[in-house]
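Me: Could you take a close look at one helix for me and tell me what surrounds it? I'd like one connected account, with cut-offs spelled out.

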Amino acid sequence: MYASHDKLILLDADGTIIDAFSAIEAAFTQHGMAIGDLDRFQKRRNLFKYLGGIKEFPRNLAKSLGNSNRKELINTLTDIYRESAVLYPGIAPLLQQLLATPGIRVGLVTRNVTHEPAITLSRLFARHDLDIQQLDFFSCIPLKTAKTEYFSAALSQLGINPARAFACGDEHKDYLSMQAAGFNPFMVSYGFEDFRRLTLKYAVPEVIISRTPQALSQRIRHAFDLPESAL
């Protein structure tokens, strides 16, 4: 029925395995803007997420108006991602372990907003001794695009049974895409949406949410029968 007996895990990048908030905060600071703290950032609706809260909004709005300002901000964010942005603690050894284990296929589906994100993420991964070319599936998608079709494409391309497929994400729309594509979900609440927003507003089950990168690593290792000691 399926071409492969392998398991599959599709990872989200920003806010799930990459500390995106710190990179965004650094980019804003370089342009004389402020994004506020992580707690308030996680609670904002998407429309206002990057314009700050009440304290930051007027200044940020004035600074962000105009295509040239937005382009400069993306240029800076790209440089930060390529030169200094990091994976969350414990994620690099987890990825090394997943990639080195026979019978596990690993992919990345991301809405990363930097220039040429494949190059950007390749450089970020390389600083953690990871080769993005080792991934079995890689797709950078537009910001407002649902991941469902890309999750389904990975299953089809790799011949994986959805019952043996897992995906990770940090936003409710990631969870909806996982459900629609038939994936087993891993969710985190340390990224772009917090625990209360995920559970109370979007009814994401508490039992699938990891509150720290370390908890996510433990959950994934348990699901894939991997030893706790990483490579």
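Reply: Happy to; here is a walk around helix α8 and its partner α7. This is a predicted model, in which local features need pLDDT of at least 70, side-chain atom pairs count only at pLDDT 80 or more, and totals for chains, interfaces and linings use all residues. Numbering starts from 1 along each chain as its sequence is written, and side-chain values use heavy atoms, with hydrogens and water left out.

For context, the protein has 10 helices and 6 strands, taken as DSSP runs (H or I, at least four residues, for helices; E, at least two, for strands) numbered from the N terminus. Helix α8 covers residues 172–181, and its buried residues are H172, D174, Y175, S177, M178 and A181. Buried here means under 20% relative accessible area with a 1.4 Å probe, protein chains only.

Those buried residues pack against α7 (148–158), β4 (165–169), β5 (184–188) and α9 (195–201). Of these neighbours, let's follow α7. The axes of α7 and α8 lie 8 Å apart, at an angle of about 40 degrees; axes are lines fitted to C-alpha atoms over the stretch in contact, with angles from 0 to 180 degrees between N-to-C directions. That angle makes α7 oblique to α8, the class left once under 35 (roughly parallel), over 145 (roughly antiparallel) and 65 to 115 degrees (roughly perpendicular) are set aside.

On the α7 side, T148, F151, S152 and L155 meet D174, S177, M178, A180 and A181 of α8, contact meaning heavy atoms within 4.5 Å. By class, this contact has 5 nonpolar, 3 polar and 1 charged residues, where Ala, Val, Leu, Ile, Met, Phe, Trp, Tyr, Cys and Pro are nonpolar, Asp, Glu, Lys and Arg charged, and the others, Gly among them, polar. Finally, α8 is followed by G182, whose phi is positive, near 85 degrees.

How values were computed. Buried < 20%, exposed > 50% of the residue type's maximum accessible area, 1.4 Å probe, protein only.
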